[in-house]
Amino acid sequence: MQRKENTPGRESRRRYEERNKEKRKQASGNFGTMIPRELFDEINAFLKAHGLTKVKLIEEGYQVLQEKVKEENGQLNIMNRPSGQSG
């Protein structure tokens with residue numbers, strides 16, 4: 001793939017990106033995973049319909065999984081249980 005013609009703006013952006021590359025890597029991450037296209041499309045449609053982001057999906061899913069693991073291991077504090085559940 002051939003690079004677009006250099007312009008002062010493009011050169012400036014490239015220099016900025018090169019200077020800040022490590023800072024961005026330290027500040028955020030990427031799972032870089034692949035999922036089947038059907039599931040990908042289904043998730044994207046759901047997120048769009050409900051005005052949610054992929055980051056929100058990951059954060060909420062992580063929290064739910066943490067709670068599930070705690071419950072399975074018997075480590076969930078009684079104060080954190082949803083009402084109606086007893087220990």
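In the predicted model, helix H3 comprises 19 residues and extends 27 Å from its first C-alpha to its last, a span close to the 27 Å expected at 1.5 Å a residue. Beyond H3 comes Gly-74, which has a positive phi near 70°. Within H3, Glu-67 and Lys-70 lie three residues apart, about one turn of the helix, and their side chains meet in a salt bridge with an N to O distance of 4.0 Å. Glu-67 is partly exposed because its relative accessibility, 32%, falls between the 20% and 50% cut-offs, and Lys-70, at 36% relative accessibility, likewise counts as partly exposed.

H3 belongs to a secondary structure made up of three helices and zero strands, which reads along the sequence as α-α-α. Of the 87 residues of the protein, 3% count as buried, and the accessible surface amounts to about 8,600 Å², with 53% of this area belonging to carbon and sulfur atoms.

A second salt bridge within a helix is found in H2, where the side chains of Asp-41 and Arg-37 meet at 3.5 Å, N to O. These two residues are separated by four positions, about one turn of the helix. In an α-helix, residues three or four places apart point the same way, because there are 3.6 residues a turn. The two partners fall into separate accessibility classes: Asp-41 is partly exposed, with a relative accessible area of 39%, whereas Arg-37 counts as exposed at 55% relative accessibility, since the cut-off for exposed residues is over 50%.

In total, the model contains four salt bridges, among them that between Glu-17 and Arg-24, in which the closest N and O atoms are 2.8 Å apart. Glu-17 counts as partly exposed at 35% relative accessibility, and Arg-24 is also partly exposed, its relative accessible area being 40%.

The largest pocket encloses about 420 Å³ of space. Its lining consists of 13 residues, of which Thr-33, Met-34, Ile-35, Phe-40 and Lys-54 are the closest to the pocket centre. Helix H2 (37-49) and helix H3 (54-72) are the elements that each give two or more residues to this lining, and H2 gives the most, with four residues. By residue class, the lining of the largest pocket divides into seven nonpolar, four polar and two charged residues.

Definitions and conventions
Residues are numbered from 1 along each chain as its sequence is written. This is a predicted model: local features need pLDDT of at least 70, side-chain atom pairs count only at pLDDT 80 or more; totals for chains, interfaces and linings use all residues. Side-chain values use heavy atoms; hydrogens and water are left out. Buried means under 20% relative accessible area, exposed over 50%, partly exposed in between (1.4 Å probe, protein chains only). Accessible areas come from the Shrake-Rupley method with a 1.4 Å probe; for residues, only the protein chains shown count as cover. On a 1 Å grid over the protein atoms alone, a cavity is a set of points where a 1.4 Å probe fits but cannot get out, and a pocket is an open set with protein on both sides within 12 Å along at least five of seven lines; lining residues have an atom within 4 Å of a point. Grid points are joined across faces, edges and corners, and a volume is the space filled by probe spheres set on the points. Ala, Val, Leu, Ile, Met, Phe, Trp, Tyr, Cys and Pro count as nonpolar, Asp, Glu, Lys and Arg as charged, and the others, Gly among them, as polar. The expected span of a helix is 1.5 Å times one less than its number of residues.
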